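Subject: Structure for your review

Dear colleague,

Please find below the structure that I am handing over to you. I would be grateful if you would read the notes underneath with the coordinates open.

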Amino acid sequence: MSSRTNPKVAVLMGGPSAEREVSLSSGRECAAALRGEGFEVVELDAGPDLYARLLEIKPDVVFNALHGRWGEDGCVQGLLEWMRIPYTHSGVLASALAMDKQRSKEVFQVEGLPVVPSVIVPKVEVIEVHVMEPPYVAKPNNEGSSVGIYIVHEGSNGPPQLSDEMPEHVMVEKYIAGRELTVTVMGDRALTVTEIMTDGGWYDYDAKYKPGGSWHVLPADVPQDIFDLCMDYALRAHNALGCKGVSRTDFRWDDSKGADGLFLLETNTQPGMTPTSLVPEQAEHRGMTFGQLCAWMVEDASCNR
C-alpha cells in the first residue's frame, strides 16, 4: 500500500452481474464509511473500461464491493493481480471456488464439513422431470444473493418451470427444512452466529435486500453446541477455500435432529455491505463500527491473495 497519509481507495461497484443493484448499494455505503474514516475515495462503476479507468485513477487500494459473476468469481481479482493493485476480500482461486457451489462443496467434503446432497443437471432436464425426489431446490451454480431460487415442495405435481434467464446447467439440491444461520469470518476469527427470520420461510432476494423482508436474531438463540459448530465450520470453510479478509458462511439447521441436522450451504467471499446486511451487524456486535470494519478491510488489502 502507498505511504500517503490518506490512501486513495477505488470502490468497485455495480458491474454487469444479476446483483448489480445490490452492489451499487453496498459500494455507496462502503464509500461513505471510508470517507468518514479519512480515506480519499473514488466510486467506480465497473464496466468494460475498468482497466483504463484504474490506470487513470491510480488507486493505492481497490475496495471490491462487486457481487455476483465477474466481480466475485476471480475475474476482477485476476485483473487486479495483473495490475498489482492491492485489493480487499479473497483472491483469484478462493473467489472462483466459492462462486462455484458444486466445486466448493467438494472442497468442504474433503474437509469433513456437512453439505447438502446436490447434482448439476441440464436445465431442459430439470424442466421435464423430477431429477430428485421432492422436496428439492433448483438454482444457478454460480450466482449469489438467492438469485433464481426455485423450491419444489413434497407432493408437487410437476418439475419447476425455470425462467429463460436461468443458465443451461443448474444445481438441484435436496431441500433441508429448518432454521437459517450464518457466521462472518474476519481474518482468522469467526465473529458470531446470526439467525435469519423471514415471514416466507425462505431467505430469498427480497428477504435479503428489501426493508422488512427479514429480521435477525443476534446472537442466535440456539444450543451452545450448535453455536460452537457453526463458528468452527465457518472458520474451517473460510480456510479450506483459502479465503482472505471477510467471508460469510450460511447454514441450514433442522433443530429436530440436533447436530446431525446442521448443514453448510455455501460461503460468500464478498457478502453484502448494505444497511440490511449481516456482516456489519456481526462486526458491530463485536464492538466494531461500520467505518472501522471498512477501514480494516482496506488495511488488510494486498496482492497475492
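The notes below set out what was found, beginning with a strand and moving outward from there.

Please bear in mind throughout that this is a predicted model.

Strand 11

Strand 11 covers residues 246–253, and eight of its eight residues are buried, so the strand is largely enclosed by the rest of the structure. In a regular strand, side chains point alternately to the two faces of the sheet. Here, one side of strand 11 carries Val-246, Arg-248, Asp-250 and Arg-252, while the other carries Ser-247, Thr-249, Phe-251 and Trp-253; all of these are buried, and both faces of the strand are thus covered.

Two pairings of this strand may be noted. With strand 8 (residues 179–186), strand 11 pairs in the antiparallel sense over eight bridges; within that pairing, Thr-182 has Asp-250 as its bridge partner. With strand 12 (residues 262–268), strand 11 is joined by six bridges, again running antiparallel, and Trp-253 stands opposite Leu-262 there.

Aromatic residues

A search of the whole structure returned one aromatic pair. The pair consists of Tyr-233 and Phe-251 and is tilted, with 6.5 Å centre to centre and 35° between the planes. It links distant parts of the chain, as Tyr-233 belongs to helix 8 (residues 224–241) and Phe-251 to strand 11, 18 residues apart. Tyr-233 has a relative accessible area of 12%, and because the cut-off for buried is under 20%, it counts as buried. Phe-251 is buried as well, with a relative accessible area of 0%.

A further ring is involved in an arrangement with a charged residue: Arg-69 lies over the face of Trp-70, at 4.9 Å from the ring centre.

Trp-296 is located in helix 10 (residues 290–300). Its relative accessibility is 22%, so Trp-296 counts as partly exposed. Neighbours within four places in sequence set aside, Trp-296 is in contact with Met-186, Gly-187, Gly-245 and Val-246. Of these contacts, Met-186 is 110 residues away along the chain, yet the C-alpha atoms of Met-186 and Trp-296 are separated by 9.6 Å. Val-246, for its part, is one of the buried residues of strand 11.

Ser-90 and its surroundings

Ser-90 is placed in the loop between helix 3 (75–83) and helix 4 (92–99). Despite this loop position, Ser-90 is buried, with a relative accessible area of 0%. A polar atom of the Ser-90 side chain lies 3.0 Å from the backbone nitrogen of Lys-244. Not counting residues up to four places away in sequence, Ser-90 touches Gln-77, Ser-95, Cys-243, Lys-244, Thr-269 and Arg-305.

Cysteines

How many disulfides are there in the model? The count comes to zero. Cys-243 is in no disulfide, and the nearest cysteine sulfur, that of Cys-75, is 16 Å away. At 5% relative accessibility, Cys-243 counts as buried. Cys-303 is likewise in no disulfide; its nearest cysteine sulfur is also that of Cys-75, at 17 Å. Cys-303 is buried too, with a relative accessible area of 14%.

With kind regards

Conventions:
Residues numbered from 1 in each chain as written. Predicted model: local features only at pLDDT ≥ 70, side-chain atom pairs only at ≥ 80, totals over all residues. Heavy atoms only, no water. Helix = DSSP H or I, 4+ residues; strand = E, 2+ residues; numbered from the N terminus. Buried < 20%, exposed > 50% of the residue type's maximum accessible area, 1.4 Å probe, protein only. Contact = heavy atoms within 4.5 Å. Pairing = 2+ DSSP bridges. Phe/Tyr/Trp six-rings, centres within 6.5 Å; stacked < 30°, edge-to-face > 60°. Lys NZ or Arg CZ within 6 Å of the ring centre and 35° of its normal. Polar contact = N/O pair within 3.5 Å; in protein donor to acceptor, adjacent residues only side chain to side chain. Disulfide = S-S within 2.5 Å.
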